[in-house]
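Thanks for making time this morning; I would like to walk you through one structure, going from helix packing to cores and then to a few individual residues. Please keep the view open while I talk.

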Amino acid sequence: MPENDKQDLTSQIKRQLGSWLKPAGIALALGIAGSVGARQVGLPLPNLLGPLFVCAIATLAGLELAPLPWTRELGQVVVGLATGLRLLPEVLHAVVALLPVMLVATFGVVAVTMISGLILRALCGVDRPTAFFGTAPVGLAEMASIAHARGGAADIVSLIHTVRVSATVTIVPLLVTWFGKDGGIIQHHVLGEGHALELAALIGAAVVGAVLLRRMRVPNTWLLTAILVGSVAAGSGLSSATMPPLMMIVAQLMIGIWLGCRFRRALLLKLPRITLGACLTTVLLLLATAGGASLLSTFTDLSYATSFLALAPAGVTEMVLTASLLHLDVAVITAFHVMRILLVTASIMFLFQVFNLVSKWVDGSRT
């Protein structure tokens, strides 16, 4: 290659690297500042909510931010492993006893989200694929992709999920922390001799497994694979390691920055009606969650706070972190969310057909 071409290529790479490093560096700095500030004012989950608030405000103000690549995924692996390593045999036996309740709860969540999809369609005039996949209680990226394949608007689906998850992640920890009771389930974080190598091996196994499962389009791959790896290691006695607090802090920081950077000022301004509709349906989902949690806690031995987090319409990662903060039953909350993800993922197209039939009956339209 001629010397001039080499220099041009080097300059181009440097420019591209610089254009990427600047927004990522600013986002990281703002995230750390948000975490420190949130801790100073006593905000629950400061390492998650602080970066989320600050980065969201910055992006809405027009500042160009970007999360570091793969940091959210690695953060989910850390949270997933921390959760899985708690699932000892005696814990799993207690969770299995709740399987019928989880099944009924999943049906309830699906019914409520379908109703919210109908409301969203009526409020915003969106098409059926967009309304259904925008409110489906599973992963954002997967639903946006399927919606696009079915003729829906992927950008609107992403916006609706972003608003719902961000609002729920913000509101639920505050409500549960202020009004919930400490569950008293303490998890000691001790990194004993040799545990560092165990954790490194478990993280490596979880990452490899997640990469392989991504090809099958399994939602929440990084988190679910890590939970599986951690639970197998703990349940079989292969590992007695626990996740160090520093790794959990970094994981929360990365996830919070990613959520904050999801907001796009141009898209929010372009679709104000959709944004308002997403906010209204989120409020309805939270009210339904409050009612469902009351029923769940009445008919089981679960506390109201645990029941609320088990049914909350947000990512399992954030709900697990909230449960850890209040020392609630993380295993049960995780199991409820995993049950919902697996059942909805396996039946998503059937549920879409049901939604279509109900929607046609409600609005009398074929389109």
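Let me begin with α5 and α13, whose axes come within 10 Å and cross at roughly 155°. Since angles over 145 degrees count as roughly antiparallel, that crossing makes α5 roughly antiparallel to α13, and the handedness of the crossing is right-handed. I should say at once that this is a predicted model, so please hear everything that follows as computed from that prediction.

As for the residues involved, the α5 side of the contact consists of Val101, Val112, Thr113, Ser116, Ile119, Leu120, Leu123 and Cys124, and these meet Arg273, Ile274, Gly277, Ala278, Leu280, Thr281, Leu284, Leu285, Ala288 and Leu296 in α13. Sorted by class, the contact of α5 with α13 has 13 nonpolar, four polar and one charged residues.

Staying with these two helices, let me pick out one residue from each. Leu118 is found in helix α5, which covers residues 99–124, and, not counting residues up to four places away in sequence, Leu118 touches Phe355, Val358, Ser359 and Val362. With Val362, Leu118 forms a pair that is 244 residues apart in sequence, while the C-alpha to C-alpha separation in space is 8.4 Å. On the other helix, Ser297 belongs to α13, residues 272–299. Is Ser297 buried or exposed? Its relative accessibility is 18%, and so Ser297 counts as buried, the cut-off being under 20% relative accessible area. Leaving aside neighbours within four places in sequence, Ser297 is in contact with Leu302, Ser303, Tyr304 and Ser307.

The second helix pair I would like to show is α3, residues 71–84, with α9, residues 195–214, where the axes again come within 10 Å but cross at roughly 120°. That angle makes α3 oblique to α9, and their crossing is right-handed. Here Leu74, Val77 and Leu81 in α3 meet Leu202, Ile203, Ala206 and Val207 in α9, and the residues of this contact divide into seven nonpolar, no polar and no charged.

Let me step back to the whole protein for a moment. There are 16 helices and zero strands, and of the 367 residues, 50% count as buried. Taking the contacts with a separation of 6 or more, residues 24 or more positions apart account for 77% of them.

That brings me to the nonpolar cores. In soluble globular proteins, nonpolar side chains tend to be buried together. In this model the largest nonpolar core has 69 residues, and the members that touch the most other members are Val79, Val169, Val176, Leu309, Leu328 and Phe336. Which helix gives the most to this core? It is helix α16, residues 330–363, with nine residues. Looking more closely at Val169, and leaving aside its neighbours within four places in sequence, we find contacts with Leu48, Leu49, Leu52, Leu259, Ala314 and Glu318. Apart from that core lies another, of 29 residues, and among them are Val110, Leu120, Cys124 and Ile160. Two of those names should be familiar by now, as Leu120 and Cys124 also appeared on the α5 side of the contact with α13.

I will finish with a few individual positions that may be worth a look on your screens. Gln252 has its place in helix α11, residues 245–261, and with a relative accessible area of 9% Gln252 is buried. Not counting residues up to four places away in sequence, Gln252 touches Leu45, Asn47, Leu48 and Leu321.

One of those partners, Leu45, lies in the loop between α1, residues 3–40, and α2, residues 46–60. Phi of Leu45 is near 45°, which is a positive value in a residue other than glycine, and at 4% relative accessibility Leu45 counts as buried.

Trp70 also has a positive phi, of about 70°, although Trp70 is not a glycine, and its place is in the loop between α2 and α3. Whereas Leu45 is buried, Trp70 counts as partly exposed, at 48% relative accessibility.

Definitions and conventions
Residues numbered from 1 in each chain as written. Predicted model: local features only at pLDDT ≥ 70, side-chain atom pairs only at ≥ 80, totals over all residues. Heavy atoms only, no water. Axes fitted to C-alpha atoms, helices over the stretch in contact; angles between N-to-C directions. Helix = DSSP H or I, 4+ residues; strand = E, 2+ residues; numbered from the N terminus. Parallel < 35°, antiparallel > 145°, perpendicular 65-115°, else oblique. Left-handed = near helix turned anticlockwise from the far one by under 90°. Contact = heavy atoms within 4.5 Å. Nonpolar A, V, L, I, M, F, W, Y, C, P; charged D, E, K, R; others polar. Core = buried A, V, L, I, M, F, W, Y, C linked by side-chain atoms within 4.5 Å. Buried < 20%, exposed > 50% of the residue type's maximum accessible area, 1.4 Å probe, protein only.
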